[in-house]
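I sat down with this structure to work through it piece by piece. These are my notes, in the order in which I looked things up.

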Amino acid sequence: MDNENQLIHARKEKLGRLLEMGANPFPTKAERTHKIREIFDNTESFIDNKTTLDVVGRIRSLRKMGKASFCHIEDETGKIQIYIKRDDIGQEKYKIFKQCDLGDFVHVKGFVFYTQTNELSIHAEEFTFLAKAIRPLPVVKEKIEDGKKILYDQFADKELRYRKRYLDLLLNPEVKEIFKTRSKIIKMMREFLDARGYIEVETPILQPLYGGAAAQPFVTQHNKLDMELYLRIADELYLKRLIIGGFEKVYEVCKDFRNEGMDRTHNPEFTQIELYEAYADYNDIMDLVEDMLTGIAQEVCDTVKIPYDAHTIDLTKPWQRKPMLELIKEYAGIDIENSSMEELLAFCKEHEIELDVKNLGKIIDEIFKRFVEDNLIQPTFVIDYPKEISPLAKSKPENPQLVERFEIFIGGLELGNCFSELNDPIDQRERLENQAKQRELGDVEANEVDEDFLEAMEYGMPPTGGLGLGIDRIVMLFTNSHNIKDVILFPQMRPESHQD
RNA sequence: GGGCCAGUAACUCAGUGGUAGAGUAUCGCCCUUUUAAGGCGAGAGUCGAAGGUUCGAAUCCUUCCUGGCUCACCA
C-alpha cells in the first residue's frame, strides 16, 4: 500500500530488518525471573549480590544515543529504566535494539544499579525482542517535578478512550485502577454473600418470555427452534423459581439487557447482582445492603465517608429509611394521601409533568422523579411504593395501596431495588394480568403474563426478600466516576461511520 | 428527542475568507549515565462527510455522521 501511514511503514521496515539480522520479532517464549515491582521491593539485596535478573515488559519511553541508550519498560507491576550499552551486549545486539520503538515488548537480562541521577535501573547484559508493535502508541510524556507527575500530550479524547479502551488502560493508569476496584467490589459482594450461606447460581440469559422489570427487551432468534427469544431484562423470575425449588439464599451476578436510551447512568447491557432470601422481608434486606456496602466502602475507600462529586457521603450505619410519600411531601410540597385525583393532575400540569398513563402510581412516580431523586445524596432507603408500579411486590398489611418495596439512593444515583416478594399466586396472577392489560393499552414496558412462573408459584413460595443492585452504579459511587461509561470496560458506542 | 460545545498530522493543539501550522512522535546524520535527553536536517494532512455561497472555503451557509456536557425520556 503506497499511501500507508508513514509511521506504520517505518515500523514494518524495522520488522523486515530484524528478520534480515536473524532476530525473531515474535518469539514464542519469554524468560522472566522477576516482576518489576519485586526489583523495587528487594533493591538492596539485588545490588549487594549483583543478582542477575530476567525482566520483560513493554517499552514506554526510549532515549536512543550513539553507543548507549536508555528506555523504560513496563509490566503489570510497574516501570523500570533499562541502561543498554553497545560494548556490553555486542554490536549485533545493539543494532537489533536500535530497531525498537515505543510499544514493543522486550526481554532484558542484567543487574540492578543506580544511575548518576540516582534512578534505580537495570544494566542490560542481554537483550531479546519479544513482540514488535507496528502501530505507534499515542505519545504521552511525563516529567516528575517536586514529586508531582506532569503529563504532556495526555491521551484525552473521550471518544477514542472508550472506543480503544486498551490504549486508555495503557496510557491512563487511573483507568486501570477503576477496573481493579470494580473487580474487588464484585469479589467482596460474593464473599459477603457466601459467608452468609448464599449460593451463586446461573439462570438463562436467553428467555422465551421476559419479565421482572419494566423495560423493553432485545429480541433474538433461535434458528433450529424457529422461535423468538429475548435477552433478559432481569433475573427475578428465574431466581424466584429457585426459591420455590427449595434454595433459601441465592444470588446471581448478572448481565441484563434493556433496549432503551443511553446516558450517563444507562448502558444497554449492564451488570446487577440479584439476590433472594427465603423467610426475609424488605427490612432484613435493608440491613443486608447497609452491611454490604459499608463493608465495601471501608475496604475499597478506606473510610465510610466517601467523596462523590462535590459531596462527602457518609455511609455510617444506620441509613435513613423514609416513605416515598413523606419525601414527596418534603421536597414537592404536596400531600398525596390527602389530595384528590383532580388536584394531583392539576399539580402535574402546573409543573409540566407529562403522563402517558394516568394512574395514581405513575403520578406518584413522576412527581418523585422530578422533585426528590436528585436530592437524595446521603444514603436513603426510599420505602413503600405504590402498588401499580410494583407488580411483583407484596402489599403492606396496613395499607394495601402501598407495597413493601425500597429503592436505595446514594449520591443521587438509584443503586438498587428490593421487595418483600409477592408470594400469593392469586394476587400475582391478577397483577400480571393487569400488566398485560396495560400492555395492550400501549404501555411498551409492561410484561406479558408468564404462565410458567405463575404455575411455579402456585406450588407454594415462602415469604422472600429479593434485591437487585446495579453494580455499575455502585462502582461509579466508590470510584467517584460520573459516567457509567467510565466503569464499563467496553461501553456501547455507535459505529464510527453510520448511515441511515 | 431538544439546547450548547467539539471533530485539523499518530498524540496534544493553534489557525474566523487569500499558498494548511506548532510541539511531541517519525525518518536521516551526530551523540557511551539519559530522563518531556540534546544538536542539525527532512518527510508527513480526504482540515469528520456531502452539498452550497464565493474569483477563492479548515474558516461562511445547509444537511448529515461521531462524541462530550446538559435537559427530557427510561423502574
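The entries below go from the domains to the RNA surface, then to the sheets, and end with single residues.

**Domains**

I kept in mind throughout that this is a predicted model. I looked up how chain A is divided and found domain 1 at 6-137 and domain 2 at 174-319 + 378-487. I noted 49 Å between the centres of the two domains, taken over C-alpha atoms.

**RNA strand B**

I next asked which residues come nearest to RNA strand B. Of the 57 residues around the strand, these are Gln-6, Asp-87, Gln-116, Thr-117 and Glu-445. I sorted the surface near RNA strand B by class and got 18 nonpolar, 13 polar and 26 charged residues. On the RNA side, sugar or phosphate supplies 59% of the atoms within 4 Å of the protein, and bases supply the rest.

I then went through three polar contacts. Lys-14 places a polar side-chain atom 2.4 Å from a phosphate oxygen of RNA strand B. Asp-157 also has a phosphate oxygen of the strand as its partner, but uses a polar backbone atom, at 3.2 Å. For Gln-81 the partner is a base oxygen, 2.7 Å from an N or O atom in the side chain. I listed the elements that give two or more residues to this surface; among them are helix H1 (6-20), strand S2 (68-75), strand S3 (78-85) and helix H13 (360-371). Strand S6 (141-145), helix H6 (158-163) and strand S20 (413-420) are also on that list.

**The barrel**

I traced a closed barrel of five strands, in the order S1-S2-S3-S5-S4, and its pairing is mixed. Neighbouring strands here are turned by 55 degrees against each other on average, direction ignored. I looked at one pair in detail: S1 and strand S4 (residues 105-114) are antiparallel and share six bridges. In this pair Asp-54 stands opposite Lys-109 in S4.

**An open sheet of three strands**

I found a second sheet, open and antiparallel, in the order S9-S11-S10. Which strands stand at its edges? They are strand S9 (206-207) and strand S10 (219-222); each has a single partner strand, so one side of each is left without a neighbour in the sheet. S10 is joined to strand S11 (residues 227-231) by four bridges. I noted Leu-229 in S11 as the bridge partner of Thr-220.

**Pairings of S12**

I followed strand S12 (residues 249-257) to two partners. Strand S8 (residues 199-200) pairs with S12 in the parallel sense over two bridges, with Glu-200 matched to Tyr-251. Strand S13 (residues 269-278) pairs with S12 in the antiparallel sense over nine bridges. There Asp-256 has Phe-270 in S13 as its bridge partner.

**S21, H16 and what follows**

I checked Thr-464, which belongs to strand S21 (residues 464-470). Is Thr-464 buried or exposed? Its relative accessible area is 1%, so I wrote it down as buried. A polar atom of the Thr-464 side chain lies 2.8 Å from the backbone oxygen of Pro-462.

Helix H16 (residues 471-479) is mostly covered, and I counted nine of its nine residues as buried. They include Asp-472 and Arg-473 as well as Ile-474, Val-475, Leu-477 and Phe-478. H16 is followed by Asn-480. Asn-480 is not a glycine, yet its phi is positive at about 55 degrees. With a relative accessible area of 29%, Asn-480 is partly exposed.

**Backbone oddities elsewhere**

I looked at Lys-50, which also has a positive phi, about 50 degrees, without being a glycine. Lys-50 is in the loop between helix H3 (43-48) and strand S1 (53-63). Its relative accessibility is 55%, and because exposed means over 50%, I entered Lys-50 as exposed.

Last, I asked where the cis peptide bond that I had marked is found. It joins Lys-317 and Pro-318, with omega about -5 degrees. Pro-318 is in the loop between strand S15 (311-314) and strand S16 (320-323).

Notes. Residues numbered from 1 in each chain as written. Chains lettered and ligands numbered in written order. Predicted model: local features only at pLDDT ≥ 70, side-chain atom pairs only at ≥ 80, totals over all residues. Heavy atoms only, no water. Domains from an automatic or database assignment. Buried < 20%, exposed > 50% of the residue type's maximum accessible area, 1.4 Å probe, protein only. Pairing = 2+ DSSP bridges. Axes fitted to C-alpha atoms, helices over the stretch in contact; angles between N-to-C directions. Near = heavy atom within 4 Å. Polar contact = N/O pair within 3.5 Å; in protein donor to acceptor, adjacent residues only side chain to side chain. Nonpolar A, V, L, I, M, F, W, Y, C, P; charged D, E, K, R; others polar.
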